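Biologist: I'd like to go through this one with you and press you on the wording. Show me the model, and I'll ask what stands behind each term.

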Amino acid sequence: MTIPEWDSDGLIPPIRPGTQEEDETESTIRSPYEATVEQLVDRFAISQERAILMLGFLDYRAALYQVGITSGFQWVNGSFVEEIELSQEDPHVPNDIDVVTFYYPSDAEDWQVNPLFYPPETKDKFRVDARRIRLGTPLTEATVLDIAYFYGLWSHTRIDWFWKGFVHVALDPEQDDFARRLLEDQLRNMEPT
């Protein structure tokens with residue numbers, strides 16, 4: 001698995017602990033860690049509440065695919081990738097999944113795409129706090145500042161500013177179909193929380 005285990009603070013370390021192997025690449029030794037959607041399910045859908053959040057995330061990705069956003073990747077972060085249940089002593093957290101979608105624009109109209117990146121709507125409908133950065137367009141100062149903002153903010157915890165890691169996952173409809181079946185099987189076998 002490419003996503004390291006949580007450290008003693010319940011965080012993914014920003015750099016994988018241990019020695020560097022010759023076959024390791026930048027994406028396997030440091031954050032954001034590249035993973036498949038199946039690995040996200042396996043690693044983080046460890047309770048009924050988390051599995052339901054993950055279903056919302058897959059529904060969100062399906063909505064992106066429906067408007068033609070099928071190429072790019074997402075950064076996944078927030079309390080969903082932290083072991084927040086231990087620090088908060090509440091099995092019903094996290095409340096959503098934080099996502100920045102880096103995507104190549106589709107032929108869809110703005111009225112179809114914009115709601116998928118409006119956090120109040122995506123939180124309500126999918127339990128996803130959604131942001132975006134368009135790929136394949138001129139690299140502007142504003143784009144660089146947006147990327148730096150998310151990387152800088154997401155590399156630390158919100159309250160005590162501990163360094164932490166997050167996850168990078170490709171947009172891939174076929175991969176999502178398999179992950180959804182896996183997740184639905186897991187949910188059938190989970191005890192209600």
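Biologist: What makes you trust the prediction, in pLDDT terms?

Modeller: The mean pLDDT of the protein is 88, and 89% of its residues reach 70 or more; pLDDT is the predictor's confidence in each residue, from 0 to 100. Among the elements, helix 1 (residues 26-29) has the lowest mean, 64, and strand 3 the highest, 97. Helices (H or I, at least four residues) and strands (E, at least two) are DSSP runs numbered from the N terminus. This is a predicted model, so local features need pLDDT of at least 70 and side-chain atom pairs count only at pLDDT 80 or more, while totals for chains, interfaces and linings use all residues. Residues are numbered from 1 along each chain as its sequence is written, and side-chain values use heavy atoms, with hydrogens and water left out.

Biologist: How do you know which strands pair in the sheet, and in what order?

Modeller: Two strands pair if DSSP finds at least two bridges between them. Here 5 strands form an open sheet in the order 1-5-2-3-4, with mixed pairing. Strand 1 and strand 4 are the edge strands, since each pairs on one side only. On average, neighbouring strands are turned by 25 degrees against each other, direction ignored; the axes behind such angles are lines fitted to C-alpha atoms, for helices over the stretch in contact, and angles run from 0 to 180 degrees between N-to-C directions.

Biologist: What makes the pairing mixed?

Modeller: Strand 1 and strand 5 pair in the parallel sense over 3 bridges, whereas strand 2 and strand 5 run antiparallel, joined by 4 bridges. Both counts satisfy the rule of at least two bridges, so both couples are called paired. On the parallel side, Tyr33 has Val167 as its bridge partner, and Glu34 has His168. On the antiparallel side, Gln74 stands opposite Val169.

Biologist: And which strands does helix 7 lie across?

Modeller: Helix 7 (residues 141-154) lies across strand 2, strand 3 and strand 4, at about 35 degrees to strand 2.

Biologist: Why is helix 2 called mostly covered?

Modeller: Of the 8 residues in helix 2 (residues 37-44), 6 are buried. Buried means under 20% relative accessible area, exposed over 50%, and partly exposed in between (1.4 Å probe, protein chains only). The buried ones are Val37, Gln39, Leu40, Val41, Arg43 and Phe44. They pack against strand 1 (33-35), helix 3 (48-66), strand 2 (72-77), strand 5 (167-170) and helix 8 (173-189).

Biologist: What makes something a nonpolar core, and which residues have the most contacts inside the largest one?

Modeller: A nonpolar core is a set of buried Ala, Val, Leu, Ile, Met, Phe, Trp, Tyr and Cys residues joined through side-chain atoms within 4.5 Å. The largest has 41 residues, and Leu40, Phe44, Met54, Phe57 and Val167 have the most contacts inside it. Helix 3 gives the largest share, 10 residues. A second, separate core of 9 residues includes Phe73, Trp75, Val100 and Ile133. As for Leu40, leaving aside neighbours within four places in sequence, its contacts (heavy atoms within 4.5 Å) include Met54, Phe57 and Val167.

Biologist: Asp129 is in strand 4. Why is Asp129 called buried?

Modeller: Its relative accessibility is 13%, under the 20% limit, so Asp129 counts as buried. The side chains of Asp129 and Arg131 are joined by a polar contact of 3.3 Å. A polar contact is a pair of N or O atoms within 3.5 Å; within protein, one must be able to donate a hydrogen and the other to accept it, and residues adjacent in sequence count only if both atoms are side-chain atoms.

Biologist: Is His156 buried or exposed?

Modeller: Buried: at 18%, His156 also falls under 20%. His156 sits in the loop between helix 7 and strand 5, and its side chain reaches the backbone oxygen of Gly152 at 3.0 Å.

Biologist: Then why is Arg132 called partly exposed?

Modeller: Arg132, in strand 4, has 27% relative accessibility, which lies between 20% and 50%, so "partly exposed" is the term. Its side chain makes polar contacts with the side chains of Tyr103, at 3.4 Å, and Asn114, at 2.9 Å. Both values are within 3.5 Å, so both pass the distance cut-off.
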